[in-house]
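Visitor: I'd like a close look at one part of this model, the charged side chains along the helix. Could you walk me through how they pair up and what sits around them?

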Amino acid sequence: MPRPKGSKNKKTLIAAENIDETIASVQAEIEKLSSDIKAKKTELKQLLKVKAKADKAAAAKKAEADKASILAAVEASGKSVEEILEFLK
């Protein structure tokens with residue numbers, strides 16, 4: 001017995017509609033995730049800038065502390081700066 005005309009096509013049309021809905025939802029999700037990625041990248045850039053400034057400030061503070069400790073050691077040794085420079089050579 002031959003199958004009714006067009007019966008197979010109905011199933012593929014329903015599947016195609018479901019696929020179109022799925023494609024649309026996936027595209028919407030991709031757009032949302034893309035905007036989230038952009039926001040997170042911007043946040044990361046700002047955090048890296050803040051970290052770089054903090055590292056720079058910490059390095060400057062450490063350099064000042066090192067300078068102070070070296071000057072204190074020079075004074076404690078009782079030698080002049082020229083004598084210490086000559087010793088280092």
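Guide: Let's start with the rule: a salt bridge here is a side-chain nitrogen of Lys or Arg within 4 Å of a carboxyl oxygen of Asp or Glu. Keep in mind that this is a predicted model. Glu43 and Lys40 pass that test, with their side chains meeting at 3.7 Å, N to O. Both residues belong to helix H1 and sit three residues apart, which is about one turn of the helix. As for cover, Lys40 is exposed, because its relative accessibility is 57% and the cut-off for exposed is over 50%. Glu43, at 39%, counts as partly exposed.

Go further along and you meet another pair, Asp55 and Lys51, whose side chains form a salt bridge at 3.1 Å, N to O. These two are also in helix H1, this time four residues apart, again about one turn of the helix. Asp55 has a relative accessible area of 43%, so Asp55 is partly exposed.

Then there's Asp66 with Lys62, a salt bridge at 3.2 Å, N to O. Asp66 and Lys62 are about one helical turn from each other because they are four residues apart in helix H1. Lys62 is exposed at 53% relative accessibility, while Asp66 is partly exposed at 34%. The rule gives four salt bridges in total, and the pairs we've just walked through are among them. The general idea behind such pairs is simple: side chains of opposite charge can pair when their charged atoms come close.

Not every lysine here is tied up that way. Lys41, Lys45, Lys49 and Lys53 form a positive surface patch, and residues in a patch have no salt bridge by definition. Take Lys49 as one of them: it lies in helix H1, which covers residues 7-77. With a relative accessible area of 59%, Lys49 is exposed, so it clears the over 30% that a patch residue needs.

Now zoom out to see what these charges sit on. The chain has two helices and zero strands. Of its 89 residues, 0% are buried. The accessible surface comes to about 8,600 Å², and carbon and sulfur atoms account for 64% of that.

For contrast with the charges, have a look at the nonpolar surface patch made by Val81, Leu85, Phe87 and Leu88, about 470 Å² of it. Val81 is in helix H2, residues 81-88. So that's the picture: pairs in helix H1 about one turn apart, such as Asp55 with Lys51, a positive patch of lysines, and a nonpolar patch that includes Val81.

Definitions and conventions:
Residues are numbered from 1 along each chain as its sequence is written. This is a predicted model: local features need pLDDT of at least 70, side-chain atom pairs count only at pLDDT 80 or more; totals for chains, interfaces and linings use all residues. Side-chain values use heavy atoms; hydrogens and water are left out. Buried means under 20% relative accessible area, exposed over 50%, partly exposed in between (1.4 Å probe, protein chains only). Accessible areas come from the Shrake-Rupley method with a 1.4 Å probe; for residues, only the protein chains shown count as cover. Patches are made of residues with over 30% relative accessible area and no salt bridge: like charges are joined within 9 Å, nonpolar side chains (Val, Leu, Ile, Met, Phe, Trp, Tyr) within 5 Å. Lys and Arg count as positive and Asp and Glu as negative; His and the chain ends are not counted. The place of a charge is taken as NZ of Lys, CZ of Arg, CG of Asp or CD of Glu.
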